[in-house]
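I opened the notebook on this structure today. My aim was to look things up step by step and write down what I found.

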Amino acid sequence: MSDKTQIKLLPNGPAIVEGNFEVFSTDGTEMAQGKGAIALCRCGASASKPFCDGAHSKISFQG
Ligand code: FES
């Protein structure tokens, strides 16, 4: 794994963030932190935004 945080857009799926990360809500509350990989929703259908919960496959997201 690179020492840089990488963001990979999966075809018709989430954005995979790999590396050190911190995720904050709109009010600045920390939602997650760590090192590794997380999937962020790109389709808008996730029930656990900003994280992907697999709903993109149910709505046949194209992107
Ligand atoms: S990209 Fe997976 S639920 Fe939206």
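The entries below go from the overall fold to single residues.

**Entry 1: overall layout**

I noted at the start that this is a predicted model. I counted the secondary structure next. The protein chain has one helix and three strands. Along the sequence I read the order β-β-β-α. I then looked at the dimensions. Along the principal axes, the C-alpha atoms fill a box of roughly 35 × 30 × 15 Å.

I checked burial for the chain as a whole. Of the 63 residues, 25% are buried. The exposed surface comes to about 4,300 Å². Carbon and sulfur atoms supply 52% of that surface. I also looked at contact range. Among contacts with a separation of 6 or more, 23% are between residues 24 or more positions apart.

**Entry 2: strand pairing**

I took the strands in pairs. β1 covers residues 6-9 and runs antiparallel to β2, with four bridges joining them. Q6 stands opposite E18 of β2 in this pairing. Five residues lie between the strands of this hairpin.

I went on to β2 and β3. They are antiparallel too, and I found ten bridges here. N20 faces K35 of β3 across the pair. This hairpin also has five residues between its strands. In its turn, G28 shows a positive phi of about 90°.

**Entry 3: the core**

Which residues make up the largest nonpolar core? I found five: V17, F21, V23, A32 and I38. β2 (15-24) and β3 (30-40) each supply at least two of them. β2 gives the most, with three residues.

I then checked how covered β2 is. Seven of its ten residues are buried, so I wrote the strand down as mostly covered, with buried meaning under 20% relative accessible area.

I followed F21 further. Leaving out residues up to four places away in sequence, F21 touches A32, Q33, G34, K35, G36 and I38. Two of these names, A32 and I38, I had already listed in the core.

**Entry 4: the salt bridge**

I searched the whole structure for salt bridges and found one. K8 pairs with E18, and their closest N and O atoms are 3.2 Å apart. K8 sits in strand β1 and E18 in strand β2, ten residues apart, so the pair links distant parts of the chain. Side chains of opposite charge can pair when their charged atoms come close.

Is K8 buried or exposed? Neither label fits. K8 has 39% relative accessibility, so I put K8 down as partly exposed. E18 had come up before, as the residue opposite Q6.

**Entry 5: backbone exceptions**

I looked for unusual backbone angles. Most residues other than glycine have a negative phi, and most peptide bonds are trans.

N12 goes against this, with a positive phi of about 60° although it is not a glycine. N12 is found in the loop between β1 and β2. N12 has a relative accessible area of 31%, so I logged it as partly exposed.

S60 is another residue other than glycine with a positive phi, here near 55°. S60 lies in the segment after α1. I read a relative accessible area of 53% for S60, which means exposed.

Where is the cis peptide bond? I found it from K49 to P50, with omega near 10°. P50 has its place in the loop between β3 and α1.

**Entry 6: the loop between β3 and α1**

I stayed with this loop, which leads to α1 (55-58). S46 is found in it. At 4% relative accessible area, S46 is buried. Its side chain reaches the backbone nitrogen of S48 at 3.0 Å. I listed the contacts of S46 next, not counting residues up to four places away in sequence. They are C41, F51, C52, D53 and A55.

G44 is found in this loop as well. G44 is partly exposed, with a relative accessible area of 46%. I took one distance from here. The C-alpha atoms of G44 and H56 are separated by 8.1 Å, and the two residues are twelve apart along the chain.

Note on methods
Residues are numbered from 1 along each chain as its sequence is written. This is a predicted model: local features need pLDDT of at least 70, side-chain atom pairs count only at pLDDT 80 or more; totals for chains, interfaces and linings use all residues. Side-chain values use heavy atoms; hydrogens and water are left out. A nonpolar core is a set of buried Ala, Val, Leu, Ile, Met, Phe, Trp, Tyr and Cys residues joined through side-chain atoms within 4.5 Å. Buried means under 20% relative accessible area, exposed over 50%, partly exposed in between (1.4 Å probe, protein chains only). Helices (H or I, at least four residues) and strands (E, at least two) are DSSP runs, numbered from the N terminus. Contact means heavy atoms within 4.5 Å. Two strands pair if DSSP finds at least two bridges between them. A polar contact is a pair of N or O atoms within 3.5 Å; within protein, one must be able to donate a hydrogen and the other to accept it, and residues adjacent in sequence count only if both atoms are side-chain atoms. A salt bridge is a side-chain nitrogen of Lys or Arg within 4 Å of a carboxyl oxygen of Asp or Glu. Accessible areas come from the Shrake-Rupley method with a 1.4 Å probe; for residues, only the protein chains shown count as cover.
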